[in-house]
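Me: Please take a close look at the empty spaces in this protein. What lines them, and what sits on the helices around them?

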Amino acid sequence: MKTQNSATARPTIAVNTSRTDTRTGGLGTLQAALGVVAFSLTFPATAWGLEGFGPWSLVAVRSVLAALIAGGCLLALRVPLPARHHWPGLAVVAAGVVVGFPLLTTLALQTSTTSHAAVVVGLLPLTTALLSALRMGTRPSRTFWAAALAGAAAVAAFTVQQSGGALTGADLYLFGALLVCAAGYTEGGRLARAMPGWQVIGWALVFCLPLTGPAAALALAHESAHLTAHSVAGLLWVAVGSQFLGLVVWYRGMAAIGIPRASQLQLAQPLLTLVWSVLLLGEHLTPAAPLTAAAVLICIAVTQRARG
């Protein structure tokens, strides 16, 4: 039996995927960073919204508006219902990022400044990485954990110093928001590996509509609304920017670069929030802000380079 002639044998083509992986990782990092920028405006926008809406009205109406946008996109593109085994995960996303975090932080911002509330976001990356390790079995390196803890400590120290070191009654809302949001981020990042990120938050918003629709009508009937430029702009941003578009790019970014690494980009979020608070709300920063910003950026660079 003759062997195949080497001249006619099918050549072996070596495919170099490193460039593709690099591009995918870079795009994922960019998408996650855009999500962080969108989220950094949430607290100032909520403060604006509270100038014309009650807390319950603001949360319910923002969810309804975001659900209508998401539902319209899902309907226009004829996206089929997600598989039943994804429904429990979508319920966690809905409870965490559609209802829980917006409601708890809005209640907290009635008595807390945005700079004080930013401590929640400062601790959120570490909490998300911890829940991700428990839920998905990820094992980031020791260098990753050291940098994450250092970044969280820097942000926590800065935000506590900003609030004078005194805990308020709003802290219970903030710590609760921290836990439910981290759970929603972890589950959303996991689901974004099986379906497009925009569909994850889109279905979570739509599934909440039977609850948020009646809640919005009831809240508006009991809380007087005063439409001003600030209140309308704040409502539109938290509904469209924070609740939908921000989460779309955020979940896509997490799916591309992994939950632990994406979550560490949020270490910059409290500092961005403080900048927006100065520009939009007239709050004042201390000289410690640039030093903390430098420390946080170093920690982000370390976590992005650490392998886990």
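Reply: Here is a walk from the inner space outward, one stop at a time.

This is a predicted model, in which local features need pLDDT of at least 70 and side-chain atom pairs count only at pLDDT 80 or more, while totals for chains, interfaces and linings use all residues. Residues are numbered from 1 along each chain as its sequence is written, and side-chain values use heavy atoms, with hydrogens and water left out.

Start with the method. Rolling a probe the size of a water molecule over the atoms shows where empty space is left. The search runs on a 1 Å grid over the protein atoms alone. A cavity is a set of points where a 1.4 Å probe fits but cannot get out. A pocket is an open set with protein on both sides within 12 Å along at least five of seven lines. Lining residues have an atom within 4 Å of a point. Points are joined across faces, edges and corners, and a volume is the space filled by probe spheres set on them.

Now the cavity. The count comes to one cavity of 30 Å³ or more. The largest cavity holds about 190 Å³ of space. Its lining has 19 residues, and F39, T42, R62, F101 and Y185 lie nearest the centre. The lining divides into ten nonpolar residues, eight polar and one charged. Here Ala, Val, Leu, Ile, Met, Phe, Trp, Tyr, Cys and Pro count as nonpolar, Asp, Glu, Lys and Arg as charged, and the others, Gly among them, as polar.

Which helices build this wall? At least two residues each come from α2 (42–49), α4 (87–108), α5 (114–136), α7 (170–191), α9 (229–257) and α11. The largest share is four residues, from α4. Helices are DSSP runs (H or I, at least four residues), numbered from the N terminus.

Next, the pocket. The largest pocket has a volume of about 220 Å³. Its lining is made of W56, V59, A60, S63, V98, V99, L103, L211, T212, A215, L218 and A219. Two or more of these come from each of α3 (55–76), α4 and α8 (197–222). The largest share is five residues, from α8. Ten lining residues are nonpolar, two are polar and none is charged. Helix α4 thus has a hand in both spaces, because residues with an atom within 4 Å of a point count as lining, and α4 gives residues to the cavity and to the pocket.

Zoom in on two of these helices. V98, a lining residue of the pocket, is found in α4. V98 is buried, at 1% relative accessible area. Buried means under 20%, exposed over 50%, and partly exposed in between (1.4 Å probe, protein chains only). R139 is 41 residues from V98 along the chain, and their C-alpha atoms are 28 Å apart. P210 sits in α8. P210 is exposed, with a relative accessible area of 63%. From P210 to V64 is 146 residues along the chain, yet their C-alpha atoms are separated by 9.5 Å.

Move to α7, which also helps line the cavity. Side chains of opposite charge can pair when their charged atoms come close. The structure holds one salt bridge, meaning a side-chain nitrogen of Lys or Arg within 4 Å of a carboxyl oxygen of Asp or Glu. E187 and R190 form this bridge, at 2.6 Å from N to O. Both lie in α7, three residues apart, about one turn of the helix. E187 is buried, at 7% relative accessible area. R190 is partly exposed, at 25%.

Now the link between α3 and α4. R78 is in the loop between these two helices. Most residues other than glycine have a negative phi. R78 has a positive phi of about 55 degrees, although it is not a glycine. R78 is exposed, with a relative accessible area of 75%.

Last, α10 and α11. A262 lies in α10 (residues 259–265). A262 is buried, with a relative accessible area of 0%. A262 and A33 are 229 residues apart in sequence and 8.2 Å apart in space, C-alpha to C-alpha. L280 lies in α11 (residues 269–281). L280 is partly exposed, at 32% relative accessible area.
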